[in-house]
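Visitor: Please take a close look at one part of this model and place it in the setting of the rest. I should like the cut-offs behind each term to be stated.

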Amino acid sequence: MSTIAVTGAASGIGAAVCQHLEAAGHSLIRVDLRNADINADLSTAEGRKAAVEQTLSACNNRLDAVVACAGVGVTAPATVIVGVNHFGVTGYLDGLEDALAASGQGKAVIIGSVAGSHMVAAPHPMAVAMLDNDEAKACQLAAEADNPSAVYAASKYAVTVYGRRKAVEWGKRGMRLNIIAPGAVETPLHKASLDDARFGEAVKNFVAPMGRAGVPAEIADGVDFLLSDKSAFVNGSVLFIDGGMDAMVRTKTF
Ligand code: NAD
């Protein structure tokens, strides 16, 4: 069985991912702000460094997979959205790349968002700064944008592009990286947006063709697939688990 690190393990989708993987007999390294094996703040460079060091120590420098799930929603401050959703993923995965390679066929799944595809046609400069690995500039542009939905979309667009770039590099080394783009999923993050005076109405009215939000286990099922040998030739894919939301918004773009 595999050793798998899961960020955002204490709540929502990450907790469901842990339940599934543990039930399948895998050994887990849970990372979160609190209530995890490794308590670390992925919004800061120091927190990411600590998370990487402690993960390497816990897995003895040999890791089979990472599920990068930790994230914040539109109700978080702009710089925290940038820090966790983009740099919290890239800093953690970059730090673990050698350990993933050491396992022979390391795998990763990034939990992106259907919101990331809103920016595919015209990425905002803050997303470009994220992809240039310039956190200070990305945070400055995000703060200036004063538009949490755009910051969230930019963070998810950038982390998806990062993942696809990595998939090209990793594929040559027998490693795989895929991205899951969930639509609305019933978690504390989603509830916070629904309860927010600024975003609640829009979030409530943005409903997938299937007429409901997803549940965390439905995203965890996708993670199970992407970490299994059933997806052995799947690399660099963006798997929408969104009840048809992306098909509804971007019917002709895929
Ligand atoms: P959640 O709030 O239930 O879980 C997120 C977890 O990330 C929490 O345990 C939280 O403590 C952790 N986290 C937040 N900031 C952190 C930090 N600085 N350092 C370490 N850990 C931190 O939310 P969720 O809905 O399960 O979100 C999981 C992922 O799914 C996120 O990346 C989110 O953007 C993505 N997503 C969620 C939805 C949705 O509707 N719920 C839709 C699309 C994408």
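Guide: N133 counts as exposed, at 56% relative accessibility; the classes are buried for under 20% relative accessible area, exposed for over 50%, and partly exposed in between, with a 1.4 Å probe and protein chains only. The model is predicted, so that local features need pLDDT of at least 70 and side-chain atom pairs count only at pLDDT 80 or more, whereas totals for chains, interfaces and linings use all residues. Residues are numbered from 1 along each chain as its sequence is written, and side-chain values use heavy atoms, with hydrogens and water left out.

N133 belongs to the loop between α4 (125-131) and α5 (135-145). Helices (H or I, at least four residues) and strands (E, at least two) are DSSP runs, numbered from the N terminus. Although N133 is not a glycine, its phi is positive, at about 65 degrees. Most residues other than glycine have a negative phi. D146, in the loop between α5 and α6, is another non-glycine residue with a positive phi, here of about 50 degrees. D146 is exposed, with a relative accessible area of 67%.

From these loops the account turns to the ligand. There are 29 residues around the ligand, and S11, I13, D32, Y152 and T187 come nearest; a residue is near a molecule if one of its heavy atoms lies within 4 Å of it. By class, this shell holds 16 nonpolar, 10 polar and 3 charged residues. In that count Ala, Val, Leu, Ile, Met, Phe, Trp, Tyr, Cys and Pro are nonpolar, Asp, Glu, Lys and Arg are charged, and the others, Gly among them, are polar.

Several backbone atoms approach the ligand. A backbone N or O atom of I13 is 2.7 Å from a ligand oxygen atom, and a backbone N or O atom of G12 is 3.4 Å from an oxygen atom of the ligand. At L42, a polar backbone atom lies 2.9 Å from a nitrogen atom of the ligand. A polar contact is a pair of N or O atoms within 3.5 Å; within protein, one must be able to donate a hydrogen and the other to accept it, and residues adjacent in sequence count only if both atoms are side-chain atoms.

On its own the ligand has 830 Å² of accessible area, of which the protein covers 92%; such areas come from the Shrake-Rupley method with a 1.4 Å probe, and for residues only the protein chains shown count as cover. The ligand occupies the largest pocket. On a 1 Å grid over the protein atoms alone, a pocket is an open set of points with protein on both sides within 12 Å along at least five of seven lines, whereas a cavity is a set of points where a 1.4 Å probe fits but cannot get out; lining residues have an atom within 4 Å of a point. A molecule sits in a cavity or pocket if more than half of its atoms lie within 2 Å of its grid points. The elements that give two or more residues to the shell are α1 (12-23), α6 (148-171) and α7 (188-195). The most comes from α7, with 3 residues.

Helix α1 also holds C18, which counts as buried at 3% relative accessibility. C18 is 108 residues from M126 in sequence and 32 Å from M126 in space, C-alpha to C-alpha. Helix α6 includes G171, partly exposed at 38% relative accessibility. G171 and D221 are 50 residues apart in sequence and 23 Å apart in space, again C-alpha to C-alpha.

Two polar contacts within the protein complete the account. S43, in the loop between β3 (38-39) and α2, is buried, with a relative accessible area of 19%. The side chains of S43 and D41 are joined by a polar contact of 2.7 Å. T55 lies in helix α2 (residues 45-59) and is buried, with a relative accessible area of 0%. A polar atom of the T55 side chain is 2.6 Å from the backbone oxygen of A51.
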